[in-house]
Amino acid sequence: MDLKITRTQLSDGRELIYYDTPGTPDRTAVDERDLPEVHTESWMRQDPLTGEWAIYAAHRQNRTFLPPANEDPLAPTREGQKPSEIPESDYQVVVFENRFPSLSMRLELPDGWEPTVDGEDIFRRAPAESRCEVVCFTPDAEGSFKDLSLSRKRTLIDVWAHRTEELSALAPVKAVFPFENRGEEIGVTLHHPHGQIYSYPFVPPRAAAIAAQAAAARETGTNLFDEVIAAERRAGTRVIDETEHFLVFTPAAAKWPLEVMVMAKGDVPNFPSLSDAARDDLAQILDKLYDAVDEFFEGIDRTPYIAAWNQAPVDAPADGRLHLQLFSLMRSPGRMKFLAGSESGQGVWINDTTPETIASTLRAAYGAADAADPSPKAGA
């Protein structure tokens, strides 16, 4: 899919990128807000017991929280309304640098900063240098990814590919993570349909664990991801859908009360590696899947979820396979799963249902969503 890409800057120096269909009028509006230049002080510290990095970004405490409709920062800037992050009066898809980023390329660090905490070599610290972006799916303030048109979903796949390619080229970046949070239950601070992209200056724990498993499998002459797909297909009990390019299934070791995975069948480490045909295929899958997620819990019209796009580490494409892990923290209508002692304290998950039950319920929801008359969707 061809896209018209227009780059501009907000008044504080952050980059903003418009993604439009060819033939769209040029984007020339200027941000008139006169914001101060963005500088942040974000740090990382490494846990000596696990080797994992944690990020500290105190400036995020001042970020926008559930603003009134007339102060939506992701809406187009229209006459009579408060200027937003998007200067144009309309848009299709927009990406911009987060104003309150966890990781930033605009760090303001003291001279001679110490690479350790309290002078102890075992407590490593470093600047959280990388880039966080916001992806605005549509100018319409209501709905979420599910409510987008098929063509807009397809556009977003191209946008994720473009951003992955550009972010991966930044010197500090080791992993790129597009995701969407939906629902106040999981801490959403803006209702406007949007996602985010975090790029990390290290390989995060899940991606690192997958990479280690993939490398170990390669030592035995097998491909971890092909083996998983083959085993799920043979079992069949957790498969929800299958197309030429993807398998949709609940993983055999699902942790969440609702969990579904969409995994590429071929050696596809990331979004840029998807062919045009595979991108078309993926858009069709997502158009059905997100409808099914909202059919999963009886009486719940908007299932809270996290949609996490897993990609291979930037420097180890063979150690990952593009897949969506979409899961909900809701355990039953109106009740949430809390990560208590075993999950939070030791990282050992306890699920109140089984992956086979999740898959069976989701298959029924998938069929119901497929049979229902589709309502008009945004972003045509």
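A nonpolar core is a set of buried Ala, Val, Leu, Ile, Met, Phe, Trp, Tyr and Cys residues joined through side-chain atoms within 4.5 Å. In this predicted model, the largest such core has 57 residues, and a second, separate core has 11. Below is a quick tour of the cores, the annotated His 194, and helices 2 and 3.

**The cores**

- Six residues touch the most other members of the largest core: Phe 145, Phe 271, Leu 274, Leu 282, Tyr 290 and Leu 324.
- Helix 4, running over residues 276-293, chips in nine residues, the largest share of this core.
- Skipping neighbours within four places in sequence, Tyr 290 is in contact with Phe 145, Lys 146, Glu 180, Tyr 305, Ala 307, Leu 324 and Leu 326.
- The second core of 11 residues is separate, and Leu 10, Leu 16, Val 94 and Cys 136 are among its members.

**His 194**

- An unreviewed UniProt entry carries the annotation "active site" for His 194, a residue found in strand 10 (residues 194-200).
- His 194 has a relative accessibility of 12%, so it counts as buried, the cut-off being under 20%.
- Again leaving out neighbours within four places in sequence, the contacts of His 194 are Leu 74, Val 134, Val 135, Cys 136, Phe 137 and Glu 180.
- A polar atom of the His 194 side chain sits 2.6 Å from the backbone oxygen of His 192.

**Helix 2**

- Helix 2 (residues 205-219) has 15 residues and spans 21 Å from first C-alpha to last, close to the 21 Å expected at 1.5 Å a residue.
- Its buried residues are Ala 207, Ile 210, Ala 211, Ala 214 and Ala 217.
- Looking down the axis of helix 2, these buried residues fall within an arc of 125 degrees, so they line one face of the helix.
- Gln 213 and Glu 219 are exposed on the other side of helix 2.
- The cover over the buried residues of helix 2 includes helix 3 (224-235), strand 14 (305-310) and strand 15 (323-328).
- After helix 2 comes Gly 221, with a positive phi near 85 degrees.

**Helix 3**

- At the N-terminal end of helix 3, Asn 223 acts as a cap, with a side-chain oxygen 3.0 Å from the backbone nitrogen of Phe 225.
- Helix 3 has 12 residues and reaches 17 Å between its first and last C-alpha, close to the 16 Å expected at 1.5 Å a residue.
- Phe 225, Ile 229 and Glu 232 are buried in helix 3.
- These residues cover an arc of only 65 degrees around the axis, which puts them on the same side of helix 3.
- Packing against the buried residues of helix 3 are helix 2, strand 11 (239-242), strand 12 (246-249) and strand 13 (258-264).
- Just after helix 3, Gly 236 has a positive phi of about 75 degrees.

How values were computed: Residues numbered from 1 in each chain as written. Predicted model: local features only at pLDDT ≥ 70, side-chain atom pairs only at ≥ 80, totals over all residues. Heavy atoms only, no water. Buried < 20%, exposed > 50% of the residue type's maximum accessible area, 1.4 Å probe, protein only. Helix = DSSP H or I, 4+ residues; strand = E, 2+ residues; numbered from the N terminus. Contact = heavy atoms within 4.5 Å. UniProt positions renumbered as here; feature names shortened; annotations may be inferred. Polar contact = N/O pair within 3.5 Å; in protein donor to acceptor, adjacent residues only side chain to side chain. Expected span 1.5 Å × (residues − 1). Arc of directions from axis to C-beta.
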